[in-house]
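Biologist: Could you take me through one part of this model closely, beginning with a single residue and working outwards to what surrounds it? A connected account would suit me better than a list.

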Amino acid sequence: MNHLFYLLSDPMLIVEFDESRWSIRDVNQAFATFSGFKKSDLMLLDPSTIISTQEIGLSFKEAVSQLSDEDAFSPQIECKLVTKTSTPADIRLSCRKLQQGERTVYVIICKDLREAKWIDSYIMHNKIMVSLIVNERYTIINLKHYYAPVQQPSSLYVNKSIFDLVAEHERSKLKRVFEYAKNNRTAESVDFQLKFDDRYYSADAVIQPFYNGNRSFKNFAVILTSLHINNQEEDPSYKLRLLMLSKNISVTSLAQSTLISLTTISKIRNGKIKKPQRLTAELIAGELGVRPETIWSSFKR
């Protein structure tokens, strides 16, 4: 139990009632980070001073009693955690009662609700397409779609980089916006090209950073407020221009590396030649690191 208690990522603390007061017996690192307090300082506190249940009409003792009721079906309550920065964080509590000899202790598990509450608040006043929670490594840890043309289950996008869903030539731009939001602690708006299920969309997004009680960065909440299918996505000349831009390859360098005339490359790139000869298509696609059918769908077998 103790080994798992320290390793689990959910913020947790162990409390007990001794004679006339509640005390904190132990906390895991996740709780110390979330609250912003050092473990040594937390051990001196009454847990009711940082976990506020008064807004839901319960004392801390009543809340623990309700949560640890073995006859209840997985009870949970929502309340506030007062962090070291004095900023109350929305949390959901659950609890397990343990008997250690003659002593009864309670393991309290905290779920941080701030990102979810922010998204819910945004939805109340705005129509959104997709919401995502993205960690500091830009990995998607949660995705929900509302009105968006997402064809696959949301779970398939979890644990993937958000940049896997972004057009290659837009990735550095989006990363700069993420970094600016994180460093300046501000919500930022951005537009970029998004790719869902092999189709490109013009996306508008709002990025909101979140932080732990010790002021370290926690996660980004990302809301896609609009998604418009790119009508040019089936145009081979558009695909070619996009690929050349992402690879930073000019018409001249492409002509030199493929030994295809500059005039022919220009005509293909400008859409004057809709479907080049197979060998020409293979040379161009090979230089760009893709298959010919990626650019010219007519080559699909």
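**N135 and the sheet around it**

Modeller: I begin with N135, which is buried, its relative accessible area being 10%, and please keep in mind throughout that this is a predicted model. The residue belongs to strand β7, which covers residues 130–135. Its side chain makes two polar contacts with backbone nitrogens: a polar atom of the N135 side chain lies 2.9 Å from the backbone nitrogen of R137, and the side chain also reaches the backbone nitrogen of T139, at 2.9 Å. Once neighbours within four places in sequence are set aside, the residues in contact with N135 are I141, F217, K218, N219 and F220. N135 counts as buried because its relative accessible area of 10% falls under the 20% cut-off.

Moving outwards from the residue to its strand, β7 and β11 run antiparallel and are joined by six bridges; within this pairing, I133 has A221 of β11 as its bridge partner. Both strands belong to an open sheet of five, with antiparallel pairing, whose order is β8-β7-β11-β10-β9. The edges are formed by β8 and β9, each of which pairs on one side only, and from one strand to the next the twist averages 25 degrees. Packed on this sheet is helix α5, residues 114–125, which touches β7, β10 and β11 and whose direction makes about 30 degrees with that of β11.

The sheet also leads to the largest nonpolar core, a set of 30 residues in which L132, F178, F192, I207, V222, L224 and L227 touch the most other members. Two or more residues of this core come from each of β7, β8 (140–145), α6 (171–184), β9 (188–196), β10 (199–211) and β11 (217–229). A second core, separate from this one, has 27 residues, among them V27, A32, A63 and C95. Such grouping can be set beside a general tendency: in soluble globular proteins, nonpolar side chains tend to be buried together.

Within the largest core, F178 deserves a separate word: leaving out residues up to four places away in sequence, F178 touches Y138, I162, F163, I207, F220 and V222. Of these, F220 brings us back to the starting point, being in contact with N135 as well.

Methods
Residues are numbered from 1 along each chain as its sequence is written. This is a predicted model: local features need pLDDT of at least 70, side-chain atom pairs count only at pLDDT 80 or more; totals for chains, interfaces and linings use all residues. Side-chain values use heavy atoms; hydrogens and water are left out. Helices (H or I, at least four residues) and strands (E, at least two) are DSSP runs, numbered from the N terminus. Buried means under 20% relative accessible area, exposed over 50%, partly exposed in between (1.4 Å probe, protein chains only). A polar contact is a pair of N or O atoms within 3.5 Å; within protein, one must be able to donate a hydrogen and the other to accept it, and residues adjacent in sequence count only if both atoms are side-chain atoms. Contact means heavy atoms within 4.5 Å. A nonpolar core is a set of buried Ala, Val, Leu, Ile, Met, Phe, Trp, Tyr and Cys residues joined through side-chain atoms within 4.5 Å. Two strands pair if DSSP finds at least two bridges between them. Axes are lines fitted to C-alpha atoms, for helices over the stretch in contact, and angles run from 0 to 180 degrees between N-to-C directions.
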